[in-house]
Amino acid sequence: MSATLDKATAENFPVAPVFLPRAWRDGLTAVYGYARLVDDIGDGDLAPGGRDAVLLGLDPAAVDDRLAMLDALEGDLYRVFGGTDGPPRHPLLQALRPVVRAHGLTPEPFLGLIEANRQDQYVARYGTYADLLGYCELSANPVGRLVLSLTGTSTPERIRRSDAVCTALQIVEHVQDVAEDLGRDRIYLPAEDMHRFHVTEAELAAPTAGASVRSLIAFECDRARELLNEGTPLVGSVHGRLRLLLAGFVGGGRAALRAVTAAGFDVLPGPPKPTKSGLLREVAAVLRTAPRKG
C-alpha cells in the first residue's frame, strides 16, 4: 500500500498538499491510492509476488492477468459501496470506504477509471482526437470530478472546467511519455495527427526526435494549453485553500508544457520534467491571472 502511495511524489502536481484540511487530505490520498492501484493493474506495474491478487481473492498467478485483476478490483469496489458479500478486501479500498460514505460519492467515476484501463488492454492506438477525448473522459475526467465532490464544490460549470483541465493533464502526460508508452505498445498520439505531420511509428522509436516528431509534439502541446486555458476559470470560481490546490493542478500542467517546450519538443530520450521552482512560478501565475467569480 505504501509503495503505491509513494508514487504520488512523481506526479506533475501535488496530490494532497499539507496546506489542505485533514479531511480533504485523507480523501484525496484515498482516491489517489485507488486510482494508482487501477493504473498499476492496467500497466502491469504491481509489486511482484501476487499479493494484490490474493488480497482481491484471486490466485497469486492471476496478478499477470490484467483483465481478471480489473474484474476482481471492480468487485471489490462494489463492496466499498455496500456489496452484500462483506467489506472490501484490498487495503486501498478499505481506506476508500469511509471517504465514500463521508462525502456521498457515487461509483461512476471509480468505474470509469477501471474501464479506461480495460480499454488499454485492447486499444493500443487512437485514430482521431475525438477517440482520444473519449478515452480521457474515462481515464482523467473522473479524478477532477471526485476532487469537486470531496470538497463539496461540484456544479455543472465547474465540472465542465474541471474536465478541460483533466483532459489537458492527460494529454500532457501522454506527450511526456511517448517513449514509455511505445515500450508498452501504446500510442496516444492520434493517428490522424501523425499522418498530418508525416510521422511514422518507427520515428517515435528513435533515440531523439526529428523535425516532424517535434512539430507533432508541439501541436499536441498547443491543444493541451488551450484546454488548460479553458479550464483555468475553475480556479477563480472557488476560494481559500481549494483555490490553491486547483492552481497547483493547472500550474503543474503548464510547468510540464514549459519543460517540454524547453526540451525543443524532443520527448523521445525521456519525459521532460518541470523543476520545483518552475512549478511554483506557474502556480503563482495562475493565482494572479485566474478570473475570480462568486
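How far apart are the axes of α15 and α16, and at what angle do they cross? Keep the question in mind while the whole chain is on screen; the answer comes at the third stop.

**Stop 1: the whole chain**

Show the protein chain as a cartoon. This is a predicted model. The chain has 16 helices and zero strands. Its radius of gyration is 19 Å, close to the 19 Å that the globule rule gives for 294 residues, so the chain is as compact as a globular protein of that length. Turn the C-alpha trace along its principal axes, and the spans are about 55 × 50 × 30 Å.

Two percentages describe the chain as a whole. Of the 294 residues, 51% count as buried. Take the contacts between residues at least 6 apart in sequence: 69% of these join residues at least 24 apart.

**Stop 2: α2 and α6**

Select residues 22-43, which are helix α2, and residues 108-122, which are helix α6. The two helices pack with their axes 9 Å apart and at an angle of about 15°. Angles under 35 degrees count as roughly parallel, and that makes α2 roughly parallel to α6. Their crossing is right-handed.

Now show the side chains at the contact. From α2, select V31, Y34, A35, V38, D39 and G42. From α6, select F110, L111, L113, I114, N117 and Q121. By class, the contact of α2 with α6 has eight nonpolar residues, three polar ones and one charged one.

Look at the spacing of the selected residues along each helix. An α-helix has 3.6 residues a turn, so residues three or four places apart point the same way.

**Stop 3: α15 and α16**

Select residues 240-262 for α15 and residues 276-289 for α16. Here is the answer to the opening question: the axes come within 7 Å and cross at roughly 125°. The two helices are therefore oblique to each other. The crossing of α15 and α16 is right-handed.

On the α15 side, select R243, L244, A247, G248, V250, G251, G252, R254, A255 and R258. On the α16 side, select G278, L279, E282, V283, V286, L287 and T289. Sorted by class, the contact of α15 with α16 contains eight nonpolar, five polar and four charged residues.

**Stop 4: the loop between α15 and α16**

Stay in this region and select F265, which is found in the loop between α15 and α16. F265 is not a glycine, yet its phi is positive, at about 65°.

Next select P274, in the loop between α15 and α16. Is P274 buried or partly exposed? Its relative accessibility is 23%, so P274 counts as partly exposed; the buried class is under 20%. Add A259 to the selection. P274 and A259 lie 15 residues apart in sequence, and their C-alpha atoms are 5.2 Å apart in space.

**Stop 5: α8 and α9**

Select residues 141-150, helix α8. How many of the ten residues of α8 are buried? Seven of them are, and α8 is mostly covered. The buried residues are N141, P142, G144, L146, V147, L148 and L150. Just beyond, α8 is followed by G152, with a positive phi near 65°.

Add residues 156-176, helix α9. α8 and α9 pack with their axes 8 Å apart and at an angle of about 135°. These helices are therefore oblique to each other, and their crossing is right-handed. N141, G144, R145 and L148 of α8 make the contact with R158, I159, S162, D163, C166 and T167 of α9. In this contact of α8 with α9, three residues are nonpolar, four are polar and three are charged.

**Stop 6: D185 and R196**

Select D185, in the loop between α10 (178-183) and α11. D185 has a positive phi of about 60°, although it is not a glycine. D185 is partly exposed, with a relative accessible area of 46%.

Finish with R196, in helix α11 (residues 191-196). At 52% relative accessibility, R196 counts as exposed; the cut-off for that class is over 50%. Select A164 as well and draw a line between the two C-alpha atoms. R196 and A164 are 24 Å apart in space and 32 residues apart in sequence.

Definitions and conventions. Residues numbered from 1 in each chain as written. Predicted model: local features only at pLDDT ≥ 70, side-chain atom pairs only at ≥ 80, totals over all residues. Heavy atoms only, no water. Axes fitted to C-alpha atoms, helices over the stretch in contact; angles between N-to-C directions. Helix = DSSP H or I, 4+ residues; strand = E, 2+ residues; numbered from the N terminus. Parallel < 35°, antiparallel > 145°, perpendicular 65-115°, else oblique. Left-handed = near helix turned anticlockwise from the far one by under 90°. Contact = heavy atoms within 4.5 Å. Nonpolar A, V, L, I, M, F, W, Y, C, P; charged D, E, K, R; others polar. Rg over C-alpha atoms; globule rule 2.2 N^0.38 Å. Buried < 20%, exposed > 50% of the residue type's maximum accessible area, 1.4 Å probe, protein only.
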